[in-house]
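Colleague: Could you walk me through reading a model like this one, from the whole chain down to single side chains?

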Amino acid sequence: MIRTSVVLAFITVSAFSAHAVVDEPLPDKIEFNRDIRPIMSNTCFACHGPDVKNNPVDLRLDSFAAATGPIEDGKPERALVPGKPDDSEAIRRIIASDPDDLMPPPDFRFKLSSRDKAMFRKWVEQGAEYQEHWAYRPLGKPEVPILVDDDGFVRNPIDAFVLRRLRAEGLSPSPEADPPTLARRLSLDLVGLPPDEKGGTHEEQVERSLASPHYGERMAVPWLDVVRFADTVGYHGDQQQNIFPYRDYVIDAFNKNKPFDQFTIEQLAGDLLPNATVEQKVATGFNRLNMMTREGGAQPKEYLVKYDGDRVRAVSTTWMGSTMTCSECHDHKFDPFKARDFYRMAAFFADIRQWGVYADYGYTPEPELRGVNNDSPFPPEIEVESPYLVERIGKLEQRMEALATGLPGAGYDAWRSAMEHRLETRADGWSVAARAKVTAAKGSMLHPGENGSWVVEGKKTAGEKILFTFDAEPGQLATLRIEALPSADHGGRVFREGAGAFSIKVRATLGGGAGKKARALDFRFGEANLRQARYSQGTELLNVAGNWMSRPGRETEPHTAIYFLKEPVACADGETLTVEIESAEAGCLRVSTSPFGASKAGLARRDHVLSTAAGEAIFDQLVALQDEIRDCRGGKTFSMVTEARPEAREIRVLTRGDWQDTSGEVVAPGVPAFLPQISNPGNRRLNRLDLARWLVAPENPLTARVFVNRLWKLYFGTGISGVLDDLGSQGEWPVHPELLDWLAAEFRESGWDVKHMVRLIVTSSTYRQSSAVTPALLERDPKNRLLARQSPRRLEAEFIRDNALAISGLVDPSVGGPSGHPYQPSGYYVNLNFPERDYPVATDDRQYRRGVYTHRQRTFLHPMLANFDAPSREECTAERTVSNTPQQALTLLNDPTFVEAARVLAEKVADDGAADVPTTLDRFAKRVLGRPLRHEELASLTEFHARQLEYYHSTPEDAAKLLSVGLHAPGSPNLAAWVSVARVFLNLHETITRY
């Protein structure tokens, strides 16, 4: 607040400054943290705070010793003289009339109000007592207030703290909400879905919700915001990344109530734990959720600095509630974080195996990334089993069998009998083309090998085609098998001399015999046990029908590929099958045929259809299901993980964050200097495991406060300290500081038991209060910070959609698994060209997956999520903005998800117009809102329905257009009218608000 080294002058203290007149009375006792620190943080600390490098006169007001010491050596003037405001230069400056002396300066972005000045003066009068910032104090557990509670409001300690404050403010709690409202509130808060119909006491509903697998999905959404979870890398091409098992880990951790300290350690350092499990390695995906690039021309060193900074921001926000990002360029202006602290935190992550640019370019060679392209994944990854995919395979197989069961049994019985006879002599179902005529188009020499194989002699021959011509086995032909076998002629390898791999293309024709013309056989799919990996948007392509390439490093192992005919064909006596294998490199080949249309011979009804194409429509459906099962990849998937490098990268303090400046100090890992330090008697290099354990150590004052504050926000709309990502000086003094500390201490003492804390909150009387507000209460406490009532809040984007799907009965309850692709405007990704991509809209039950699973493209967030304020997750987000825009109403009216939900809801509630209209409308209200309609609402909706009914009967083409949205069959104009009614209900503010 003291500007430059100005010659001090006597300033007359006005009557106003000595006895400030303010509208709101000042507290009897001024507290530095509550009353003064926020004023100083806004108006003083920018020039006279912790950032000493930008302090124009070397005066600090964030320290009692500095503020009460001499402003200049040898001079008597002090900025603050405890007990003597008129002798305090700071007081004289804040009430100065001369603009050159006024503090803060007239052009500063914040001004002091009359109340601020009066508060400041009274604080100095009372001794100018400083306090350590509340969030950095050691965490103790305050005594629970003991109160006379004749009304029985106090159910647990939360209520005691709240009631004491309300009485001090002259307020009383609100009555408990009615049971339907409370049940809906609880269900939306704990599982993000409308309540079930099981009923029970409030406590029974709480336990049922906490035990639900959907509890983890609800809890995961805000966590995924802070850890910046997304399906794509964000920078430049914004390519796909493989990471959904990390999301499953988070959901599962909340469902199993994994202790929060263990949850923390596994995410930051699971790979460093002794005998780390697959689950713990998957958890380290947290460290990989920063944005990444493989843009040509990007500078690796620059991006490594970006990745370092992102991780420091993510950790400091997620666990410390601190804005350390300010310290990337300079010492923090408001809190005690130094630039050196920032880079010491970054040094914890210097061991992570990563690349600044995830590609092998000439200007920045990366041999480990040789061969990657814009479709490649981002290593390192591990392969894991996905319970969702395993379960889905089972469901798809059941659907396949159920589909085939409806066919006439005679055809199946005859086929099964024939196939059983075949399997007696050929257990795997395959017939080797042992008597084939084998020739080479380019003249390569061949000779028979073992067991029906043929060896191609000599060196690789460009453009070579090996033809196997043989009599087709009478009966059905569904698959071909090509084997590339290791051969002694080629040193035990599968390819010829002069080759380092093989490439194979296969064509086949069937013809001759009984005057039949030769015809080409088309393949719908080719699968191989070993293949060179090719990718599309980070996912390996399985189909080798176009070109099959050998697996690097596996050249001494048999390679096998099965080619599925587009449709099985019937081979007659005398017909000839020719299989052409185009390969310059393959050294030993064998060809086999099979009548089975699956990878393995089977005798189930579905195998009958796949092998014979009996029932054309059913065959097509089974092929589609077979493709879906194949896409489940045996229940396996890949997930990005953290791997430690043998040697950590060098980390320097970067002057003003300049990655090209190498003059700064080299720093070792360490935590902010003003906080309790990690014990390190051997002076070894600290690692991520040390950091993780420090975050949840008893001496760390931040983590427990940060988490329970965010938890409180989930259930009351605002944290006890209102700025969730900043518990520092620029944040907010907690409205209920002792309650916050009690909750934080209870959380820690409970063994970091998240469900215990949730249970405490939602079973309290404070939580159960009605959200109805009186004019007096609205005027006294408009934002409900004192908690004399419950706070209504709009549902988050994901749960607005979930709510509509659940109300209609469409929601898919399956938990975990890959991200889903709900309806999205065509061409929305047109500007994504590296690589180009399409958005694959789901056309089955996956269309109705919950919002937590919606595919997240960082640069093109799904429009529905964007309209309802979901973050892009390019950065850590502790609190979402809440807007109210016309686009939101239009989304609820016109987004295909909501139109289809309205249509299905109408089918369930209405009876195609035959039911009594008022009764039907009331059923809508009870299903959507959990209450009956009011008289005026019923009258309005009855009139609206009549108008819609008249309109759609007069324009049946519009009714058909409305009912064509989604995956359901058309309906009548009567249904269209009810769909319009349902759209009104889904568009109500009440529908998307939790009260």
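Modeller: Gladly; we will go from the overall chain to its cavities and then to two residues. Keep in mind that this is a predicted model.

Colleague: Let's begin with the whole chain. How many helices and strands does the chain have?

Modeller: There are 33 helices and 19 strands in the chain. For the overall extent, the C-alpha atoms fill a box of roughly 120 × 80 × 45 Å along the principal axes.

Colleague: What share of the residues counts as buried?

Modeller: Of the 995 residues, 55% count as buried. The accessible surface amounts to about 41400 Å², and carbon and sulfur atoms account for 52% of that area.

Colleague: And what do the contacts say about sequence separation?

Modeller: Take the contacts between residues at least 6 apart in sequence: 73% of these join residues at least 24 apart.

Colleague: Now the empty space. How is it found, and how many cavities of 30 Å³ or more does the structure hold?

Modeller: The general idea is that rolling a probe the size of a water molecule over the atoms shows where empty space is left. In this model, seven cavities of 30 Å³ or more turn up. The largest cavity contains about 110 Å³ of space, and the second largest has a volume of about 80 Å³.

Colleague: Which residues line the largest cavity?

Modeller: Its lining consists of Met219, Pro222, Trp223, Phe254, Phe707, Arg710, Leu711 and Leu714. Two elements, α10 (213–226) and α21 (703–716), each give two or more residues to that lining. With four residues, α21 gives the most.

Colleague: How do the residues of that lining divide into nonpolar, polar and charged?

Modeller: Seven are nonpolar, none is polar and one is charged. In the lining of the second largest cavity, five are nonpolar, five polar and two charged. Among the residues lining that second cavity are Trp712, Phe716, His736, Lys783, Asn784 and Arg785.

Colleague: Let's move to single residues. Where is Arg880 found, and is Arg880 buried or exposed?

Modeller: Arg880 sits in the loop between α27 (863–867) and α28 (886–894). The test for burial is a relative accessible area under 20%. Arg880 has a value of 13%, so this arginine counts as buried.

Colleague: What does the side chain of Arg880 make polar contacts with?

Modeller: One polar contact goes to the side chain of Asp225, at 2.7 Å. Another goes to the side chain of Glu798, at 2.8 Å. Leaving out residues up to four places away in sequence, the residues that Arg880 touches include Val221, Glu796, Arg856, Asp869 and Arg873.

Colleague: I'd like one more example, Thr993. Which strand does Thr993 lie in, and why does Thr993 count as buried?

Modeller: Thr993 belongs to strand β19, residues 993–994. Thr993 counts as buried because its relative accessible area is 2%, and the cut-off for burial is under 20%.

Colleague: What does the side chain of Thr993 reach, and which residues is Thr993 in contact with beyond its sequence neighbours?

Modeller: The side chain of Thr993 reaches the backbone oxygen of His989 at 2.6 Å. With neighbours within four places set aside, Thr993 is in contact with Arg184, Pro792, Arg793, Arg794 and Leu795.

Colleague: Thanks, that gives me an order to follow: chain, cavities, then side chains.

Definitions and conventions. Residues numbered from 1 in each chain as written. Predicted model: local features only at pLDDT ≥ 70, side-chain atom pairs only at ≥ 80, totals over all residues. Heavy atoms only, no water. 1 Å grid on protein atoms, 1.4 Å probe; cavity = no way out; pocket = protein on both sides within 12 Å on 5 of 7 lines; lining within 4 Å. Points joined across faces, edges and corners; volume = space filled by probe spheres on them. Nonpolar A, V, L, I, M, F, W, Y, C, P; charged D, E, K, R; others polar. Buried < 20%, exposed > 50% of the residue type's maximum accessible area, 1.4 Å probe, protein only. Contact = heavy atoms within 4.5 Å. Polar contact = N/O pair within 3.5 Å; in protein donor to acceptor, adjacent residues only side chain to side chain. Areas by Shrake-Rupley, 256 points an atom, 1.4 Å probe, with all protein chains shown as cover.
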